[in-house]
Amino acid sequence: GPKDLARRRGGRFYWNDLKSGKFADLSKTDAGGVSVPQQGIIGLTILRKQNKLAGFTFPHGDILIHDLDRGTTTHHPGVAEHRQGGKPTRQIFATDKGKVYFSYYDKRSSPLYAFDVHTGAIETTKYRYHFGMIYGAIPTRDGSRIYVVDLLGNLYAFHTAEERLEDLGSLLPPEQIAA
């Protein structure tokens, strides 16, 4: 858990060649051979157009950007009010415009945040989840939407071109919806 982080080496990015079955440690050139000391990487997404990987850390909910061309990782602190005792979700996702979307679940109604890979800035979007614990972020085949479900059974569609979150309602019968 978070209390024994000082004893942990840290999180790393790996690459797997599916044909050969071999792994490569992408973090070996980062300081100390880790991309984030004394934290883990619990969320991962790809920024295809930028040729980068984005990771979301535990326990602080920081953003890591691994540049596949340069072989380097940059560390960006997460949202200040959530970093100490915050609970980062495991599901993050990215758009072709270079934004990484993420949330925390330390508040009942949780905002969706956006990290801009070009500027390094984090913004609080106008969108909120009913409950921030996200249990899935599945893209459509064409990548135009990412379907997200939260702990309370609410379904959302994130429209990637417009960078817009649509609340599709609850998947649960009305008598099972938590107030």
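This passage describes the confidence, one sheet and two pockets of a predicted model.

The protein has an average pLDDT of 90. A score of at least 70 is reached by 94% of the residues. Confidence varies along the chain elements. Strand β7, residues 63-67, has the highest mean pLDDT among the elements, at 97. Strand β13, residues 134-139, has the lowest, at 88.

Strands of a sheet pair through backbone hydrogen bonds, either parallel or antiparallel. In this model, four strands form an open sheet. Their order is β9-β10-β11-β12, and the pairing is antiparallel. The edges are held by β9 (93-94) and β12 (122-129). Each of these two strands has a single partner strand, so one side of each is left without a neighbour in the sheet. Strand β11 covers residues 110-116 and runs antiparallel to β12. Five bridges join β11 to β12. Ser110 is bridged to Tyr129, which belongs to β12.

The largest pocket holds about 420 Å³ of space. Its lining consists of 18 residues. Nearest the centre of this pocket lie Ile46, Arg48, Ala94, Pro139 and Ile146. Four elements, β5 (40-47), β9, β13 and β14 (145-150), each give two or more residues to the lining. The biggest contribution is that of β5, with four residues. Strand β9 thus appears twice in this account: it stands at an edge of the open sheet, and it helps to line the largest pocket. Strand β13 also takes part in this lining; it is the element with the lowest mean pLDDT. By class, the lining of the largest pocket comprises 10 nonpolar, four polar and four charged residues.

The second largest pocket holds about 170 Å³ of space. Its lining is made up of Arg12, Phe13, Tyr14, Ile41, Leu44, Ile46, Leu47, Arg48, Asn51, Lys52, Leu53 and Leu68. Two elements, β5 and β6 (52-58), each supply at least two of these residues. Strand β5 again provides the largest share, with four residues. Eight residues of this lining are nonpolar, one is polar and three are charged.

The two pockets have lining residues in common. Ile46 and Arg48 lie among the residues nearest the centre of the largest pocket, and both also line the second largest pocket. Strand β5 links the two descriptions as well. It gives the most to the lining of the largest pocket, and the largest share of the lining of the second largest pocket comes from it too.

How values were computed. Residues numbered from 1 in each chain as written. Predicted model: local features only at pLDDT ≥ 70, side-chain atom pairs only at ≥ 80, totals over all residues. Heavy atoms only, no water. pLDDT = per-residue confidence, 0-100. Pairing = 2+ DSSP bridges. 1 Å grid on protein atoms, 1.4 Å probe; cavity = no way out; pocket = protein on both sides within 12 Å on 5 of 7 lines; lining within 4 Å. Points joined across faces, edges and corners; volume = space filled by probe spheres on them. Nonpolar A, V, L, I, M, F, W, Y, C, P; charged D, E, K, R; others polar.
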